[in-house]
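Please take me through this model in the viewer, one selection at a time. Tell me what to pick next and what is found there.

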Amino acid sequence: VGTACAIVSARKPGYYVNLNEWRGDYAGRVKVYYTIHPVAPKNLKSVVTDDGVLLTWDPGAAAEEYGIYYEDKDGTWKELASTKDTSFIINNLEDDSTANIRVISRAIGLDKDGNATTFDSLNYVSIIVKCEKPSVVGDNDKITGKPILSWNKVEGADYYEVYKSLL
């Protein structure tokens with residue numbers, strides 16, 4: 001990650017070609033600087049938990065940390081947080097809300113002057129997070145007295161977790 005330089009030489013048998021018009025010198029060489037960015041993360045997933053919305057993703061190559069962004073009501077992307085982990089909990093979403101989330105990779109590298117600089121991935125992974133919780137109805141079986149729970153289907157839910165509390 002950082003800035004790299006390639007020196008390109010243009011030659012014909014017996015003499016050099018002048019590349020001066022393309023930032024070259026009279027020896028037929030030109031320096032071309034280019035930037036190497038970290039690779040964006042992949043497979044961003046979300047799960048609604050009691051603590052909030054848990055985001056998880058697969059790491060991007062050369063990433064040292066990740067930036068988590070959200071789209072505000074004006075359509076502007078704002079950074080929510082950064083983390084070195086491949087997971088993050090968003091705990092300030094309201095019930096039945098939707099959020100557009102983006103995760104990018106970041107790494108520190110050197111620019112062409114040798115200064116340490118933060119480089120972001122050129123691409124990102126995104127997801128629309130729906131913070132919807134099911135409506136649960138509870139009753140007892142009239143014969144056995146055992147609890148009976150039912151709830152509405154939540155779109156996008158892969159499974160439901162039910163917990164028992166002993167009081």
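Is N43 buried, partly exposed or exposed? The model is predicted, and in it N43 has a relative accessible area of 46%. Buried means under 20% and exposed means over 50%, so N43 at 46% counts as partly exposed. Select N43 and check its backbone: phi is positive, at about 55°, although the residue is not a glycine. N43 is found in strand β5.

**Strand β5 and its sheet**

Extend the selection to the whole of β5, residues 42-49. This strand belongs to an open sheet of three strands, in the order β5-β6-β9, and the pairing is antiparallel. Add β9, residues 87-90, to see both edges: β5 and β9 are the edge strands, each pairing on one side only. From one strand to the next, the twist averages 20°.

Now keep β5 and β6 in view. Six bridges join β5 and β6 in the antiparallel sense. To find one bridge residue by residue, pick V48 and look across to β6, where its bridge partner is V53.

**The largest pocket**

Stay with V48 and turn to the space beside it. The largest pocket has a volume of about 920 Å³. Its lining is made of 26 residues, and V48 is among the closest to the pocket centre, together with V47, A157, Y159 and Y160. Select these five to mark the middle of the pocket.

Next, colour the elements that give two or more residues to this lining: β5, β12 (125-131) and β14 (147-151). Which of the elements gives the largest share of the lining? It is β5, with five residues. Colouring the lining of the largest pocket by class gives 14 nonpolar, eight charged and four polar residues.

**The second largest pocket**

Move to the second largest pocket, which holds about 260 Å³ of space. Of its 14 lining residues, select Y70, E71, L93, T98 and A99, the closest to its centre. Two strands to show here are β7 (65-71) and β10 (97-110), each of which supplies at least two residues of the lining. The most comes from β10, which gives five residues. By class, the lining of the second largest pocket divides into six nonpolar, four polar and four charged residues.

**The loop before β7**

From β7, step back into the loop between β6 (52-58) and β7 and select A62. Its phi is near 70°, a positive value in a residue other than glycine. Is A62 buried, partly exposed or exposed? With a relative accessible area of 48%, A62 is partly exposed.

**V136 and W151**

For the last stop, select V136, in strand β13 (residues 136-140). V136 is exposed, with a relative accessible area of 51%; the cut-off for exposed is over 50%. Then add W151 and draw a distance between the two C-alpha atoms. V136 and W151 are 15 residues apart in sequence, and the C-alpha to C-alpha distance is 4.5 Å.

Which residues does V136 touch, not counting those up to four places away in sequence? They are L149, S150 and W151. Show these three with β14 (147-151), already coloured for the largest pocket, since β14 is one of the elements that give two or more residues to that lining.

Note on methods:
Residues are numbered from 1 along each chain as its sequence is written. This is a predicted model: local features need pLDDT of at least 70, side-chain atom pairs count only at pLDDT 80 or more; totals for chains, interfaces and linings use all residues. Side-chain values use heavy atoms; hydrogens and water are left out. On a 1 Å grid over the protein atoms alone, a cavity is a set of points where a 1.4 Å probe fits but cannot get out, and a pocket is an open set with protein on both sides within 12 Å along at least five of seven lines; lining residues have an atom within 4 Å of a point. Grid points are joined across faces, edges and corners, and a volume is the space filled by probe spheres set on the points. Helices (H or I, at least four residues) and strands (E, at least two) are DSSP runs, numbered from the N terminus. Ala, Val, Leu, Ile, Met, Phe, Trp, Tyr, Cys and Pro count as nonpolar, Asp, Glu, Lys and Arg as charged, and the others, Gly among them, as polar. Buried means under 20% relative accessible area, exposed over 50%, partly exposed in between (1.4 Å probe, protein chains only). Contact means heavy atoms within 4.5 Å. Two strands pair if DSSP finds at least two bridges between them. Axes are lines fitted to C-alpha atoms, for helices over the stretch in contact, and angles run from 0 to 180 degrees between N-to-C directions.
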